[in-house]
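Visitor: I'd like a close look at one spot in this protein. Could you take me through a single side chain and its surroundings, please?

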Amino acid sequence: MPGRSDILFELYLPGVAMALSIDQWRLFVQIADHGSLTKVAIMRGVAQSAISRQLSGMERQCGGRLFHRTGRGVALTESGQQLYPRVLAWLEEADALGNDAARAVDQPAGLVRVGVLSSISHECLSHAYDQVRRLHPHIRLRIRDGVGSAVGEWLDNGDVDIGILMRSGRDNRRREGILFTARHLLVGAPGDPVTRSATVSFACLQGLPLILAGAPSAFRRQMDQMARRMGVTLNIALECDSLQIQKHMVLRNGLYAVLAEHAVTRECTNGELQGALIVKPSLTRSITLAMSEVRPMTLACREVAHILRNSLEKLGQP
């Protein structure tokens with residue numbers, strides 16, 4: 001029915017006698033963001049007195065003040081400050097629901113949250129963004145990066161819809177597929193004699209001052225297990241979970257890192273770092289794309305996953 005669509009979206013909060021409509025909560029956010037009833041009235045094309053009456057009505061329904069009135073405008077009360085982030089999150093979900101309705105006409109739309117490994121090429125992500133923007137202009141992306149354990153946690157908590165992970169073995173995720181297998185290099189500074197050759201045996205790691213991700217981590221377990229099997233003692237000079245710091249410490253402090261080939265391709269090509277492929281035995285891990293199992297798999301998520309898969313699979317090609 002005309003004029004009734006906002007009633008379909010209502011937020012019930014403790015202490016609020018009646019539910020406020022989505023438009024009332026949008027007004028609440030607008031007033032908080034601009035700190036002025038006059039500015040909001042101009043934006044909405046109505047009189048300032050109308051906005052003031054709407055705000056007073058909202059506060060009566062809430063049972064208390066949401067804003068302090070000052071000589072320079074309005075500011076959130078303590079109660080208003082507590083409500084503000086919850087209302088923002090709820091409005092985002094309401095917008096996503098509205099956008100997902102576009103699936104009825106096969107138009108992917110809405111926000112897709114992506115968590116990626118810090119080692120993933122920025123160029124690949126840039127290419128994927130261009131593809132999404134060109135093919136699906138109604139999709140919005142939110143990208144965050146981190147180590148593999150962090151990305152996995154984001155997936156488990158529902159903080160992201162799609163995760164790019166690194167796996168040392170099999171996992172029980174049902175919505176996960178391998179993109180490519182990543183070989184690992186021993187990485188040193190330019191001119192370093194140990195990494196000057198194209199390959200280096202795992203046994204050569206004996207005694208080298210290494211900078212590795214902190215324990216516990218799947219990669220550290222893999223390294224430690226291989227070292228025990230080979231009778232190699234790993235000299236962990238520094239534990240560090242930041243890829244960029246690892247690279248810097250290799251270059252400036254004479255340490256060695258064990259990194260995926262795709263994580264240092266640019267630096268090795270430009271002569272900024274030097275890497276030798278670890279062999280006898282080789283050290284490999286799988287780069288995977290996983291979908292959240294606690295968030296709905298929308299059409300927009302599936303389309304973004306398809307584009308990411310096509311872009312990232314190229315990293316594993318020679």
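Guide: Here's a walk around Gln274 and its partners, with a few other spots afterwards.

First, the ground rules: this is a predicted model, where local features need pLDDT of at least 70, side-chain atom pairs count only at pLDDT 80 or more, and totals for chains, interfaces and linings use all residues. Residues are numbered from 1 along each chain as its sequence is written, and side-chain values use heavy atoms, with hydrogens and water left out.

Gln274 sits in strand S13, residues 274-279 (strands are DSSP runs of E, at least two residues, and helices are runs of H or I, at least four, both numbered from the N terminus). Gln274 counts as buried because its relative accessibility is 17%; buried means under 20% relative accessible area, exposed over 50%, and partly exposed in between, using a 1.4 Å probe and protein chains only.

What does that side chain do? One of its polar atoms lies 2.6 Å from the backbone oxygen of Asp192, and the side chain also makes a polar contact with the side chain of Thr195 at 3.0 Å. (A polar contact is a pair of N or O atoms within 3.5 Å; within protein, one must be able to donate a hydrogen and the other to accept it, and residues adjacent in sequence count only if both atoms are side-chain atoms.)

Now follow the trail to Thr195, in the loop between strand S8 (176-188) and strand S9 (199-201). Thr195 is buried, at 0% relative accessible area. Its side chain makes a polar contact with the side chain of Asp192 at 2.9 Å. So the three residues link up like this: Gln274 reaches the backbone oxygen of Asp192 and the side chain of Thr195, while Thr195 reaches the side chain of Asp192.Leaving aside neighbours within four places in sequence, Gln274 is in contact (heavy atoms within 4.5 Å) with residues including Leu186, Val187, Pro190, Arg196 and Cys268. With the same kind of neighbours left out, Thr195 touches Tyr256, Gly275 and Ala276, among others.

Elsewhere, Arg302 lies in helix H10, residues 299-312, and is partly exposed, with a relative accessible area of 40%. Not counting residues up to four places away in sequence, Arg302 touches Met291 and Met297. The C-alpha atoms of Arg302 and Ile162 are 9.2 Å apart, although 140 residues separate the two along the chain.
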